Amino acid sequence: MSNVDHAEIAKFEALAHRWWDRESEFKPLHDINPLRVNWIDERVGLAGKKVLDVGCGGGILSESMAQRGATVTGIDMGEAPLAVAQLHQLESGVNVEYRQITAEALAEEMPGQFDVVTCLEMLEHVPDPSSVIRACYRMVKPGGQVFFSTINRNPKAYLFAIVGAEYLMRLLPRGTHDFKKFIRPSELGAWSRAAGLQVKDIIGLTYNPLTKHYKLAADVDVNYMIQTLREE
Ligand SMILES: C[S@@+](CC[C@H](N)C(=O)[O-])C[C@H]1O[C@@H](n2cnc3c(N)ncnc32)[C@H](O)[C@@H]1O
């Protein structure tokens with residue numbers, strides 16, 4: 001059975017034309033992007049690395065990693081986000097290879113071929129996140145690193161990521177997120193370890209509704225990222 005929720009893909013298809021509009025529903029991704037690309041770059045040194053970006057959407061993270069000198073492949077199951085990503089790179093002059101394929105299918109085709117795999121803000125949109133994590137493990141080289149980001153599952157995350165972002169501040173369209181699909185760090189850690197990935201670091205991305213700014217912080221109550229390593 002395919003690990004794709006077509007209703008989830010349809011949500012991103014419908015909004016894809018606004019992906020690069022910094023004031024659109026994608027503003028939060030634009031706002032957090034410098035923080036996350038810096039965090040990843042500091043840990044892996046992106047220049048010269050072969051990187052796979054799983055669930056790349058319109059290419060915000062993929063492009064920024066290519067701009068740091070990585071050779072990037074971006075995969076997604078949304079046709080419209082990929083079309084937007086293809087067009088946008090013509091404008092920005094970066095070179096990312098985009099493909100419409102699942103992580104599980106690419107893992108069959110390209111096992112152990114990437115220095116770094118990123119899978120950000122995607123796991124909370126798939127039926128079986130642990131299957132994507134196993135596929136990421138298979139695609140990274142031994143000694144390579146895999147990064148995941150998602151949203152924690154607790155009352156504060158419900159308040160910030162759903163009530164705050166979708167209803168009060170209207171940063172995201174209502175229904176963007178399903179609380180039940182949010183993932184606790186302990187669950188993400190357990191799935192990673194079960195797949196063969198060692199968890200090296202975890203960091204929170206916190207939002208201040210007064211200043212409207214995100215920052216990296218020790219607080220992983222809402223948005224967070226983890227760094228994992230496939231051992232040699
Ligand atoms: C919130 S966006 C994140 C985009 C990008 N990773 C970022 O953080 O800037 C989630 C993306 O995951 C994609 N997606 C959802 N389920 C997927 C699946 N099973 N396989 C591949 N992509 C998927 C959606 O089409 C969408 O582009």
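Let me begin with a term: a residue counts as buried here if 20 or more other C-beta atoms, placed from the backbone, lie within 10 Å of its own. By that criterion, buried residues make up 43% of the 232 residues in the protein, and I should say at once that what we are looking at is a predicted model.

On the overall build, the protein has 8 helices and 8 strands. Its radius of gyration is 16 Å, close to the 17 Å that the globule rule gives for 232 residues, so the protein is as compact as a globular protein of that length. If you prefer dimensions, the C-alpha trace spans about 45 × 40 × 35 Å along its principal axes. As for the contacts with a separation of 6 or more, 70% of them are accounted for by residues 24 or more positions apart.

Now to the sheet. How are the strands ordered in it? The sheet is open, with 8 strands and mixed pairing, and reading across it we find β3-β2-β1-β4-β5-β8-β6-β7. Its edge strands are β3 and β7, the latter covering residues 213-217, and each of these two pairs on one side only. From one strand to the next, the twist averages 20°. Packed on this sheet is helix α2, residues 27-44, which touches β4, β5, β6, β7 and β8, and whose direction makes about 25° with that of β7.

Let me turn to the β3 edge in a little more detail. Strand β2, residues 71-76, and strand β3, residues 96-100, run parallel and are joined by 5 bridges. Between the two strands the chain passes through helix α4, residues 79-92, and the resulting β-α-β crossover is right-handed. Taking individual positions along this pair, Thr73 has Glu97 in β3 as its bridge partner, while Asp76 stands opposite Gln100, again in β3. As a general reminder for anyone inspecting side chains here, in a regular strand they alternate between the two faces of the sheet.

Finally, the ligand. Which residues are closest to the ligand? In a surrounding set of 21 residues, the closest are Gly55, Gly57, Met77, Gly78 and Glu121. Two elements give two or more residues to this shell, namely α1, residues 6-15, and α3, residues 60-67. Of the shell around the ligand, the largest share comes from α1, which provides 3 residues.

To close, the picture I would leave you with is an open sheet of 8 strands, with helix α2 packed on it, and a ligand surrounded by 21 residues, all of this in a model that is predicted.

Terms used
Residues numbered from 1 in each chain as written. Predicted model: local features only at pLDDT ≥ 70, side-chain atom pairs only at ≥ 80, totals over all residues. Pairing = 2+ DSSP bridges. Helix = DSSP H or I, 4+ residues; strand = E, 2+ residues; numbered from the N terminus. Right-handed = clockwise from strand over helix to strand, strands pointing away. Axes fitted to C-alpha atoms, helices over the stretch in contact; angles between N-to-C directions. Contact = placed C-beta atoms within 7 Å. Rg over C-alpha atoms; globule rule 2.2 N^0.38 Å. Buried ≥ 20, exposed ≤ 12 C-beta atoms within 10 Å, placed from the backbone. Near = placed C-beta within 6 Å.
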